[in-house]
Amino acid sequence: LQMQNRLRHALDESEFLLHYQPQVDLKSGRLLGVEALLRWQSKELGMVAPGRFVPVAEESGLIMPIGTWVLREACRQARAWRDELGLAIPVGVNLSALQFRRGSLVATVAEVLDETGLEPGLLELELTETMLLHDTEAVRAAMDRIRALGVQMSIDDFGTGYSSLSYLKRLPVTRLKIDQSFVRDMIADDDDGSIVRAIIQMAHSLKLTVIAEGVETAEQGAWLAREGCDQAQGYHYGRPMPAEAVAARFARRG
Ligand code: G
Ligand code: G
Ligand code: MN
Ligand code: NA
């Protein structure tokens, strides 16, 4: 409850910030884009990890205004990179189930794009399999409208839910993100290795791009490249970092 009270003031007090984690092409090593990750620098509690406060924000409904702030800030930043550096850097934004279930998401996304002037193709919304399980028709309709705006959509933490091939085929998603729990042990553990290979094949058979999360070593990167995985994200390529550090990395890329 104490955390909930403090979260309630965090927006007004400007205590949130976004860090951005780079994503790379596995074949060329080239930087491709970033995922926005929320950080809470609380005056009273210090730096609070999202694993601790996002669940509280979800239970209290505060994730609605916080989620809209994240969306606006990520779009504003991507637009600023575009204007200041002349670089088109696609940015992924995590959504909570509540944001997706409330009817207003499509309108909010459209409004934020309009307000920030970001080209829609540079925004990607990250959904999870569990968010897509319920209320299939309404979910599909919302996703179709988001795609119609020109916004990209990916499925985050892929492999931890129950998506079937036929179900995925009907959803207008553009990318699968392999959950880091499989990537962690995929070289040592045959089962995890098989799961990662199966997800890569599944993605490609549906003509989707596939990105592995939580890649921490060069060996893992090489293994994934060998298995035909398209892209990677993880500490090996870069930790979540402030916007200025992203700009410097992309400026060096050219
Ligand atoms: O940033 P990691 O470093 O600790 O993030 C932990 C968890 O918090 C991840 O599951 C991530 O998806 C989630 N998360 C990070 N940023 C956001 C956000 O802006 N919105 C939501 N809903 N979840 C987020
Ligand atoms: O649920 P989601 O995939 O959005 O969460 C991303 C989370 O994974 C963030 O908390 C981010 O800080 C964390 N993360 C990113 N790269 C790595 C990595 O290489 N290793 C580990 N252990 N965590 C990572
Ligand atoms: Mn994510
Ligand atoms: Na993930």
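This passage describes the surroundings of two ligands and the packing of several helices in a predicted model.

Confidence comes first. The mean pLDDT of the protein chain is 95. Of its residues, 100% reach 70 or more. The model scores an ipTM of 0.97. The pTM is likewise 0.97.

The shell around ligand 1 draws on several parts of the chain. L37 and L38 belong to it. So do A49, P50, G51 and V54. G67 and V70 also line this ligand, as do N94, L95 and S96. P240 completes the list. Three elements each supply at least two residues of this shell: strand 2 (31–42), helix 2 (50–60) and helix 3 (63–85). Helix 2 gives the most, with 3 residues. By class, the shell around ligand 1 holds 8 nonpolar and 4 polar residues. Charged residues are absent from the shell around ligand 1.

Ligand 2 is surrounded by 13 residues. The closest are N94, G214, E216, G234 and Y235. The shell around ligand 2 comprises 4 nonpolar, 5 polar and 4 charged residues. Charged residues are thus present around ligand 2, whereas the shell around ligand 1 has none. N94 appears among the residues around ligand 1 and among the closest to ligand 2.

Helix packing was examined next. Two packed helices are described by the angle between their axes and the distance between the axes.

Helix 1 (residues 2–10) packs against helix 2. Their axes come within 10 Å and cross at roughly 85°. Helix 1 is therefore roughly perpendicular to helix 2. M3, Q4 and L7 of helix 1 make the contact with F53, V56, A57 and S60 of helix 2. The residues of this contact divide into 5 nonpolar and 2 polar, with no charged residue. Helix 2 thus takes part in the contact with helix 1 and also in the shell around ligand 1.

Helix 3 packs with helix 5 at an angle of about 30°. The two axes lie 9 Å apart. This crossing of helix 3 and helix 5 is right-handed. On the helix 3 side, the contact residues are T68, L71, R72, C75, R76 and R79. Helix 5 meets them with T108, V109, V112, L113 and T116. The contact of helix 3 with helix 5 has 5 nonpolar, 3 polar and 3 charged residues.

Helix 5 (residues 105–116) also packs against helix 7 (residues 136–148). Their axes come within 10 Å and cross at roughly 10°. Helix 5 and helix 7 are therefore roughly parallel to each other. The crossing of helix 5 and helix 7 is right-handed. L105, V106 and V109 of helix 5 meet A142, R145 and I146 of helix 7. By class, the contact of helix 5 with helix 7 has 5 nonpolar residues, 1 charged residue and no polar residue. V109 of helix 5 takes part in the contact with helix 3 and in the contact with helix 7.

Methods
Residues are numbered from 1 along each chain as its sequence is written. Chains are lettered from A and ligands numbered from 1 in the order in which they are written. This is a predicted model: local features need pLDDT of at least 70, side-chain atom pairs count only at pLDDT 80 or more; totals for chains, interfaces and linings use all residues. A residue is near a molecule or strand if its C-beta atom, placed from the backbone, lies within 6 Å of it. Helices (H or I, at least four residues) and strands (E, at least two) are DSSP runs, numbered from the N terminus. Ala, Val, Leu, Ile, Met, Phe, Trp, Tyr, Cys and Pro count as nonpolar, Asp, Glu, Lys and Arg as charged, and the others, Gly among them, as polar. Axes are lines fitted to C-alpha atoms, for helices over the stretch in contact, and angles run from 0 to 180 degrees between N-to-C directions. Angles under 35 degrees count as roughly parallel, over 145 as roughly antiparallel, 65 to 115 as roughly perpendicular and the rest as oblique. A crossing is left-handed if the near helix is turned anticlockwise from the far one by less than a right angle, and right-handed if clockwise. Two residues are in contact if their C-beta atoms, placed from the backbone, lie within 7 Å. pLDDT is the predictor's confidence in each residue, from 0 to 100.
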